[in-house]
Amino acid sequence: MPEPFYRSRSLWLDTVPGSLEPRPSLDRDAQVDVAIVGAGYTGLWTAYYLHRADPTLRIAILESEIAGFGASGRNGGWCSALFAAEPARLAREHGQPAALAMERAMQDTVDEVGKVSADEGIDCHFVKGGTTRFATRPAHVERMKAEVAAGHALGFTEDDECWLDAEAARGRIAVAGQIGAVHSPHCAAIHPARLARGLAEVVERAGVTLYEQTPVQLIDGRKVRTPYGTVTADVVVRATEAWTATLPGTERAVVPIYSLMLDTEPLPSEFWDEVGWAGRETMSDGRHLIIYGQRTADDRIAFGGRGAPYHFGSKIRPEYDRVESVFVDLRRVLAELLPATRYIRITHTWGGPLGIPRDWYPSCGYDKASGVAWAGGYVGDGVATTNLAGRTLADLILGADTPIVHLPWVNHQSPDWEAEPLRWLGHRALTGIARSSDRVERRQATSARRTALLDRLLNR
Ligand SMILES: Cc1cc2nc3c(=O)[nH]c(=O)nc-3n(C[C@H](O)[C@H](O)[C@H](O)COP(=O)(O)OP(=O)(O)OC[C@H]3O[C@@H](n4cnc5c(N)ncnc54)[C@H](O)[C@@H]3O)c2cc1C
């Protein structure tokens, strides 16, 4: 694909400095110590930490398009401590200390991304302003307060997560109709493509070979097959997130679900005088069909949400990145939350696939016997988690016995998804329940009864 196609994938790829001309492809068989499939954050962080720990390693990354082409170049830019499997569930399945260790590791990871970006001169507009989730319906209040209480029962304090009354919440962002909010300091807003492209440059400068426009057809143990040659390695890292579903042998490991986004033109100071949002914290609200936003460094609002269709057979295609009806909904919700955006121009619309494992539980691991390592299934919370994955995979591959290799997600095995048409039907049902629960909660003050079903289906 030519550079304009890559630029058109997101606001972020459109505005990232430097060329997006692809690097050379693999052109013959090769032998390396570690071959990494996929040049998103997972692949790039893994290469970064492996090289840092052992600069003599020969590392190659094989990417079917260009570095940052996937979710890493298109996301909402929430570098947050959110881990997709919720704390209460981690505590239930692994005990309280393990759950708390996982949460603290995620919190540290937010700072690690900021630190490495600064140390390596990656200007990804990292600002740690925290995150605020608004209760915009009475039913949200009960649920969100219960979540804060559950976090405190686990060992969090008011410094990790706290409830704000409506006045305090308004002091952060003037969201219309809000009746309180939960605030956590453990989140930074970033420009996602600047991080992905910057990391690619850093690892390449360090001596990692990055082959772009090199689609891997098969990971066959320690052999990685492409149309242009086979790479043989001691260790092969699968870092393909949503596209894992397109690789032979892992078709049912994740389902690719699309998240879609839009952004406003840069907004004038009068707008921000009215709305606040001075700390560039990320924002969302308590609805079931997730929405998320950030104020960008150049004063736009980048705003996204779920609700796009799943495509039968886990297909991924560029034309699925844009769904007009979802963009109309996103515009409507944004105008509902921030009425001053109603007549503001939208400059980009885009989307991308994220990977959801059957038990909604991300994992990373290394099987020494086969030589294959993997990380993924981040369920849309991968910006920070990929960094923890990269550090963990480096330690596992190099045999370093560090605290992070004992976290509960390491070597977790998610079950496979069902065969079609069950996956397709399941996704339709889930989206339908989320939408209708939100509709019910517009009218009634308590949580919709069907949210209990949603909780069960999502393993919460
Ligand atoms: C619209 C959107 C908004 C999101 N917002 C947030 C957010 O605000 N915060 C958050 O934490 N997370 C968010 N996420 C999720 C987050 O972006 C991902 O979890 C994260 O980027 C995953 O990184 P990755 O490197 O594992 O995968 P990706 O970035 O998807 O990278 C996978 C790479 O593998 C390549 N590849 C695939 N198959 C092959 C093959 N066969 N051969 C070679 N290369 C291959 C792809 O081209 C791609 O470059 C969002 C995702 C989307 C789509």
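How many residues does α3 have, and how far does α3 reach from its first C-alpha to its last? In this predicted model, helix α3 has 13 residues and reaches 18 Å, close to the 18 Å expected at 1.5 Å a residue. Of those 13 residues, 11 are buried, so α3 is largely enclosed by the rest of the structure. The buried set takes in the run of Tyr41, Thr42, Gly43, Leu44, Trp45 and Thr46, and it carries on through Ala47, Tyr48, Tyr49, Leu50 and His51.

One of these buried residues, Thr42, turns up again at the ligand. A total of 36 residues surround the ligand, and Thr42, Glu63, Ser72, Val216 and Val383 come nearest. Sorted by class, the shell has 16 nonpolar, 16 polar and four charged residues.

Some polar atoms can be picked out one by one. On the side-chain side, a polar atom of Asn75 sits 3.3 Å from an oxygen atom of the ligand. The backbone joins in too: a backbone N or O atom of Trp78 lies 3.0 Å from a nitrogen atom of the ligand, and a polar backbone atom of Gly380 is 2.9 Å from a nitrogen atom of the ligand. As for cover, the ligand taken alone exposes 1000 Å², and the protein buries 97% of that. Three elements give two or more residues to the shell, namely α3 (41-53), β12 (255-264) and β16 (346-356). Zooming out to the domains, the shell draws residues from both domain 1 (3-75 + 192-254 + 359-406) and domain 2 (131-184 + 255-350), so the ligand lies between them.

Next comes another helix, α12. This helix covers residues 422-443, and its 22 residues should span 32 Å at 1.5 Å a residue. Its end C-alpha atoms are indeed 32 Å apart, which agrees. The buried residues of α12 are Arg423, His427, Leu430, Thr431, Ile433, Ala434, Ser436, Ser437, Asp438, Val440 and Glu441. It helps here to recall how an α-helix is built: there are 3.6 residues a turn, so residues three or four places apart point the same way. With that in mind, it is worth finding Arg423, His427, Leu430 and Ala434, which are among the buried residues of α12.

The loops hold a few backbone oddities. In the loop between α11 (385-398) and α12 sits Pro421, and the peptide bond that leads into Pro421 from Glu420 is cis, with omega near 10 degrees. That loop between α11 and α12 also holds Asn411. Asn411 has a positive phi, near 65 degrees, in a residue other than glycine. With 37% relative accessibility, Asn411 counts as partly exposed.

Ser314 also has a positive phi, about 55 degrees, although it is not a glycine. This serine belongs to the loop between β15 (301-305) and α10 (324-337). Is Ser314 buried or exposed? Ser314 is buried, with a relative accessible area of 2%, which falls under the 20% limit for that label.

Last, there is Val113, part of helix α5 (residues 96-119). Val113 counts as buried, at 0% relative accessibility. Along the chain, Val113 and His412 are 299 residues apart, and their C-alpha atoms are separated by 24 Å.

Key: Residues are numbered from 1 along each chain as its sequence is written. This is a predicted model: local features need pLDDT of at least 70, side-chain atom pairs count only at pLDDT 80 or more; totals for chains, interfaces and linings use all residues. Side-chain values use heavy atoms; hydrogens and water are left out. A residue is near a molecule or strand if one of its heavy atoms lies within 4 Å of it. A polar contact is a pair of N or O atoms within 3.5 Å; within protein, one must be able to donate a hydrogen and the other to accept it, and residues adjacent in sequence count only if both atoms are side-chain atoms. Accessible areas come from the Shrake-Rupley method with a 1.4 Å probe; for residues, only the protein chains shown count as cover. Helices (H or I, at least four residues) and strands (E, at least two) are DSSP runs, numbered from the N terminus. Ala, Val, Leu, Ile, Met, Phe, Trp, Tyr, Cys and Pro count as nonpolar, Asp, Glu, Lys and Arg as charged, and the others, Gly among them, as polar. Domain bounds come from an automatic or database domain assignment. The expected span of a helix is 1.5 Å times one less than its number of residues. Buried means under 20% relative accessible area, exposed over 50%, partly exposed in between (1.4 Å probe, protein chains only).
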